[in-house]
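Biologist: Could you take me through this model, one element at a time, before I plan anything around it?

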Amino acid sequence: MIVEGRVLIQNLPRYRQKGEMTFLSSIKNYIFLTIGRIDNIQPPDDRGVVNSFITVEWGGNSKKTQTIYDSFRPNFDQELVFQIPMPKIKQPHKRVLALKEELKLKNHIVINLWLDGGDLPNMHIGFAKIFFDELSDAPKEERTFRDTKTKKDVTVQTRILNTTKKITSVMWDTSCNVTMQLWMIPDIPREIDLSDTRYNPTDNYPPELETFFTNKQKVEEAKKRWSQCLEDNFQGKAIDITRLKNFNSYFVRDQYDQQHFLPYYVGEYGIG
């Protein structure tokens with residue numbers, strides 16, 4: 001059966017859209033990231049065909065590009081958009097403060113490069129990061145988007161960062177780079193010093209433990225109590241007590257090579 005006719009589209013896509021379908025509003029805040037070209041993918045295994053895609057993470061959200069097939073130098077040319085969650089505040093100065101706090105808590109975007117495994121699990125090749133403070137000295141350009149509600153094109157001036165980042169991995173050597181373009185709509189207000197949003201993502205000891213670990217005598221006493229506690233409760237059981245006695249193993253590294261504090265033994269044992 002063949003059906004002929006017309007389809008009425010109530011909402012037009014964003015002007016000159018490349019990538020996902022996005023509905024935008026001129027009264028909201030957005031982050032735009034265009035993924036460009038990967039210059040030279042070098043798989044850790046010996047495969048003749050490379051099918052790749054990229055995932056982008058920001059603020060607990062993740063988005064994925066299309067998969068580029070059979071290319072060691074894929075050109076994604078795909079734009080991904082994240083809406084910045086903002087409270088409903090009318091006062092302009094309070095909105096600026098809320099935006100600054102949001103960008104400080106979620107101050108960078110993570111770009112992950114994957115090989116499509118087909119019927120097999122996908123392989124993570126590596127990652128790159130782009131921090132918002134890199135926009136500070138970027139030149140301004142015009143960007144046009146379509147307001148979904150008013151159905152009008154809106155042109156704004158905003159800082160545009162064109163950058164190339166190296167894809168790195170904690171598992172193997174990689175030597176490829178990814179080109180990207182980052183901007184926000186509307187532009188970040190000049191009242192926000194983006195350098196204030198940069199911080200060391202590595203965890204530190206909680207304040208109540210920082211003082212404790214500087215007292216060597218207390219630490220040694222806690223180690224002895226910890227060892228005795230393990231022997232009293234786990235002796236003869238199928239558990240490696242020697243490994244658990246490594247009292248100093250409070251930090252581990254994640255897939256992005258960041259250190260994180262793990263208060264597992266601290267919380268269970270109570271060393272305060």
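**A helix and a sheet**

Biologist: Which residues of α1 are buried?

Modeller: Counting as buried whatever has under 20% relative accessible area with a 1.4 Å probe and protein chains only, and as exposed whatever has over 50%, with partly exposed in between, the buried residues of α1 are Val 96, Ala 98, Leu 99, Glu 102 and Leu 103. This is a predicted model, in which local features need pLDDT of at least 70 and side-chain atom pairs pLDDT 80 or more, while totals for chains, interfaces and linings use all residues. Residues are numbered from 1 along each chain as its sequence is written, and side-chain values use heavy atoms, leaving out hydrogens and water.

Biologist: Why do they lie on the same side of α1?

Modeller: An α-helix has 3.6 residues a turn, so residues three or four places apart point the same way. Here the buried residues lie on the same side because, taking directions from the helix axis to the C-beta atoms, they cover an arc of only 165 degrees.

Biologist: Which residues are exposed on the other side of α1?

Modeller: Helix α1, a DSSP run (H or I, at least four residues), spans residues 92–105. On its other side the exposed residues are His 93, Leu 97 and Leu 105.

Biologist: In what order do the 4 strands of the open sheet stand?

Modeller: Strands are DSSP runs of E, at least two residues long, and two of them pair if DSSP finds at least two bridges between them. β2 (residues 52–58) and β3 pair over 4 bridges in the antiparallel sense. The pairing in this open sheet is antiparallel, and the order is β3-β2-β5-β6.

Notes:
Expected span 1.5 Å × (residues − 1).
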